[in-house]
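Me: I would like to learn how to read a fold from its coordinates. Please take me through one example, feature by feature.

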Amino acid sequence: MSDILHDYPSGRGEAPVPPPSRSALDTEAVKVAYRRWANVYDVAFGGVSRFGRLRAVEAVNGLPGSDVLEVGVGTGLALPHYTSSKVITGIDLSSDMLAKARERVQRQGLGTVKDLLEMDAEDTQFADNSFDIAVAMFVASVVPHPRKLLRELKRVVRPGGYILFVNHFLASGGVRSMVEHGMARASRSLGWHPDFAMESLLPPADLARAYIQPVPPMGLFTLVTLENLPQVLAQPVVDDAPARASTPSGVLVG
């Protein structure tokens, strides 16, 4: 796939830029944060995340295959926008968010939704090659181990299928980068990491071949599309822990 790597290293013979340090949000911290956000999430974040969400669903609708895994389905804001040709299984770590999603499915009669399950995205209970497409919306900067998430999605998506991420990624510099680093101390309260680097998710080989598109508003979010190569051709995915420097105590970064 073609590369649009704006401000990220190509990985073709060039050493990748090491991602900024960040410490992981543990599972319980995520659950607590999203329990707090569940009742106001649509109002607080639905508007600003709408462009990224709709762009991701539009990309999924245009891809071949019918079985779709939506990772981080949340309150189900994306669910009404899939075409009737897609069959959606949604997972989320937050039972509070899933309750809102189930209410939405029932209220709007969304026949495309097959299942909504409480599940850890880094360690799902699905069999290998269960889906044609997996799309993770605003999840990569939440999970404790992004590359473990990537490895799990590669496992559950059939060879030749697609893995998509829509997420906020750390700016390469300037005022926005300074703001993101400053916000990092609030990561535990926010439930996500404001200064999450794309290199923390994608190893160089995947970064080099990914199709990367900035989305509105102002490129705040990015859509990443990655074809799932057959395992015999795929590059090994290493654990992301060595890629991160240590973080001072009490500082959570994204």
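**Reading the fold**

Reply: The protein has seven helices and seven strands. Keep in mind that this is a predicted model.

Me: In what order do the elements of the protein run from the N terminus on?

Reply: The order is α-α-β-β-α-β-β-α-β-α-α-α-β-β. Contacts add to that picture. Of the contacts in the protein with a separation of 6 or more, 75% join residues 24 or more positions apart.

Me: How much of the protein is buried, and how much area does the protein expose?

Reply: Buried residues are 50% of the 254 in the protein. The exposed area is about 11,100 Å², and 56% of it comes from carbon and sulfur atoms.

Me: Now the sheet. In what order do the strands lie?

Reply: The sheet is open and has seven strands, in the order β3-β2-β1-β4-β5-β7-β6. Its pairing is mixed. At the edges are β3 (113-118) and β6 (211-215), each of which pairs on one side only. Direction ignored, neighbouring strands are turned by 15° against each other on average.

Me: In which sense do β6 and β7 pair, parallel or antiparallel?

Reply: Antiparallel, over five bridges. Within this pairing, P214 stands opposite T222 in β7.

Me: Which helices pack on the sheet?

Reply: Take α3 (residues 95-108) to begin with. This helix touches β2 (87-92) and β3, and its direction makes about 165° with that of β3. Then take α4, which packs on the sheet against β1, β4, β5 and β7. The direction of α4 makes about 145° with that of β5.

Me: Is α4 largely enclosed or open to the outside?

Reply: Count its buried residues. Eight of the eleven residues of α4 are buried, so this helix is largely enclosed by the rest of the structure. The buried ones are P146, R147, L149, L150, E152, L153, K154 and V156. Their cover includes β1, β4, β5, α7 (204-209) and β7.

Me: How do I read a nonpolar core?

Reply: Start from the general idea. In soluble globular proteins, nonpolar side chains tend to be buried together. Here the largest nonpolar core has 29 residues, and L69, V71, L153, F165 and L202 touch the most other members. The elements giving two or more residues to this core are β1 (67-71), β4 (131-137), α4 (146-156), β5 (157-167) and β7 (221-227). The most come from α4, which gives four.

Me: What is L202 in contact with, leaving aside its neighbours within four places in sequence?

Reply: L202 is in contact with R147, L150, L207, A210, V224 and L226. Apart from this core lies another, of 26 residues. Its members include V60, L98, F138 and V215.

Me: And aromatic pairs?

Reply: A pair of aromatic rings is described by the distance of the centres and the angle of the planes. The count here is two pairs. In one of them, the rings of F126 and F131 have centres 5.0 Å apart and planes at 90°, so the pair is edge-to-face. F126 counts as buried at 15% relative accessibility, and F131 counts as buried at 6%.

Me: What geometry do F138 and F221 have?

Reply: They form an edge-to-face pair, with 5.1 Å centre to centre and 70° between the planes. F138 lies in the loop between β4 and α4 and F221 in strand β7, so the pair ties together parts that are 83 residues apart in sequence. Both F138 and F221 are buried.

Me: Let us end with single residues. Where is I88 found, and is I88 buried or exposed?

Reply: I88 is found in strand β2. Its relative accessibility is 0%, so I88 counts as buried. Not counting residues up to four places away in sequence, I88 touches V68, E70, L79, Y82, T112, V113, K114 and D115. I88 and T112 are 24 residues apart along the chain, with 5.9 Å between their C-alpha atoms.

Me: What about V113: which strand holds it, and what does V113 contact?

Reply: V113 is found in strand β3. With 14% relative accessibility, V113 counts as buried. Leaving aside neighbours within four places in sequence, V113 is in contact with L79, I88 and V105. The C-alpha atoms of V113 and G90 are separated by 7.8 Å, and these residues are 23 apart along the chain.

How values were computed: Residues are numbered from 1 along each chain as its sequence is written. This is a predicted model: local features need pLDDT of at least 70, side-chain atom pairs count only at pLDDT 80 or more; totals for chains, interfaces and linings use all residues. Side-chain values use heavy atoms; hydrogens and water are left out. A nonpolar core is a set of buried Ala, Val, Leu, Ile, Met, Phe, Trp, Tyr and Cys residues joined through side-chain atoms within 4.5 Å. Buried means under 20% relative accessible area, exposed over 50%, partly exposed in between (1.4 Å probe, protein chains only). Contact means heavy atoms within 4.5 Å. Two strands pair if DSSP finds at least two bridges between them. Axes are lines fitted to C-alpha atoms, for helices over the stretch in contact, and angles run from 0 to 180 degrees between N-to-C directions. Rings of Phe, Tyr and Trp (its six-membered ring) pair if their centres lie within 6.5 Å; planes under 30 degrees apart count as stacked, over 60 as edge-to-face and the rest as tilted. Accessible areas come from the Shrake-Rupley method with a 1.4 Å probe; for residues, only the protein chains shown count as cover.
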